[in-house]
Amino acid sequence: WIQYKGVCAALTDGSLVAGRGICVASSAAGAVGVAVASTTATIKDQVVIGRCINVSASTKASLVDLNI
């Protein structure tokens, strides 16, 4: 099954910040990273797919609220 809305655990890539937007990670397949607001960021770094609720270390599962 695929979840597209609601709270779930997601593989963390990099340093997430609680309350900030998340996007598809650029370096780890299947992971989420922090959403970037930059003119040099790729399009997948700019599309917010949810918000981080509880941060875990990189390569661990963080709690996120998806809204895809």
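This is a short talk on the fold, the core and a few individual residues of the structure shown above.

Thank you all for coming; before I begin, please keep in mind that what we are looking at is a predicted model.

Let me start with the overall layout. The protein has one helix and five strands, and if you read along the sequence you meet them in the pattern β-β-β-α-β-β. The five strands make a closed barrel that runs in the order 1-3-2-4-5, with mixed pairing, and within this sheet neighbouring strands are turned against each other by 55 degrees on average, direction ignored. Of the 68 residues, 31% count as buried, and among the contacts with a separation of 6 or more, 49% are made by residues 24 or more positions apart.

Now to the pairings, taking strand 5 as the place to stand. Strand 5 pairs with strand 1 in the antiparallel sense over seven bridges, and one example is A9, whose bridge partner in strand 5 is L63. Strand 5 also pairs with strand 4, again antiparallel, over four bridges, and here you can look at R51, whose bridge partner in strand 5 is D65. Strand 4 in turn is joined to strand 2, residues 21-24, by two bridges, with the two strands running antiparallel, and in that pairing I22 stands opposite G50 of strand 4.

What lies in the interior? The largest nonpolar core is made up of nine residues, namely C8, A10, L16, I22, V32, I49, C52, V64 and L66, and the elements that give two or more residues to this core are strand 1, residues 5-12, and strand 5, residues 61-67. As a general background to this, nonpolar side chains in soluble globular proteins tend to be buried together.

Several of you will have noticed the cysteines, so I will take those next. How many disulfides does the structure hold? It holds zero. C8, which belongs to the core, counts as buried because its relative accessibility is 14%, and the cut-off for buried is under 20%. C23 is likewise buried, with a relative accessible area of 1%. C52 is another member of the core, and when its neighbours within four places in sequence are left aside, C52 is in contact with L16, V17, A18, G19, R20, I22, L63 and V64.

From C52 we can step across to V34, which lies in strand 3, residues 31-34. The C-alpha atoms of V34 and C52 are 8.6 Å apart in space, and the two residues are 18 residues apart in sequence. V34 counts as partly exposed, at 28% relative accessibility, and, leaving aside its neighbours within four places in sequence, V34 is in contact with S15, L16, G21 and C23.

I would also like to spend a moment on S62, a serine found in strand 5. Is S62 buried or exposed? At 1% relative accessibility, S62 counts as buried, and its side chain reaches the backbone nitrogen of S56 at 2.9 Å. Beyond its neighbours within four places in sequence, S62 is in contact with C8, A9, A10, T12, L16, N54, V55 and S56, a list that includes the core residues C8, A10 and L16.

Next is G50, which is found in strand 4 and, at 6% relative accessibility, counts as buried. Not counting residues up to four places away in sequence, G50 touches R20, G21, I22, D65, L66 and N67. The C-alpha atoms of G50 and G19 are separated by 9.6 Å, with the two glycines 31 residues apart along the chain.

Finally, let us turn to the connection between the last two strands we discussed. Strand 4, residues 50-54, and strand 5 form a hairpin with six residues between them, and T59 lies in the loop that joins these strands. Most residues other than glycine have a negative phi. Which sign does phi take in T59? The value is positive, near 75 degrees, in a residue other than glycine. T59 also counts as exposed, since its relative accessibility is 58% and the cut-off for exposed is over 50%.

That is where I will stop, and I am happy to take your questions.

Key
Residues numbered from 1 in each chain as written. Predicted model: local features only at pLDDT ≥ 70, side-chain atom pairs only at ≥ 80, totals over all residues. Heavy atoms only, no water. Core = buried A, V, L, I, M, F, W, Y, C linked by side-chain atoms within 4.5 Å. Buried < 20%, exposed > 50% of the residue type's maximum accessible area, 1.4 Å probe, protein only. Contact = heavy atoms within 4.5 Å. Disulfide = S-S within 2.5 Å. Polar contact = N/O pair within 3.5 Å; in protein donor to acceptor, adjacent residues only side chain to side chain. Pairing = 2+ DSSP bridges. Axes fitted to C-alpha atoms, helices over the stretch in contact; angles between N-to-C directions.
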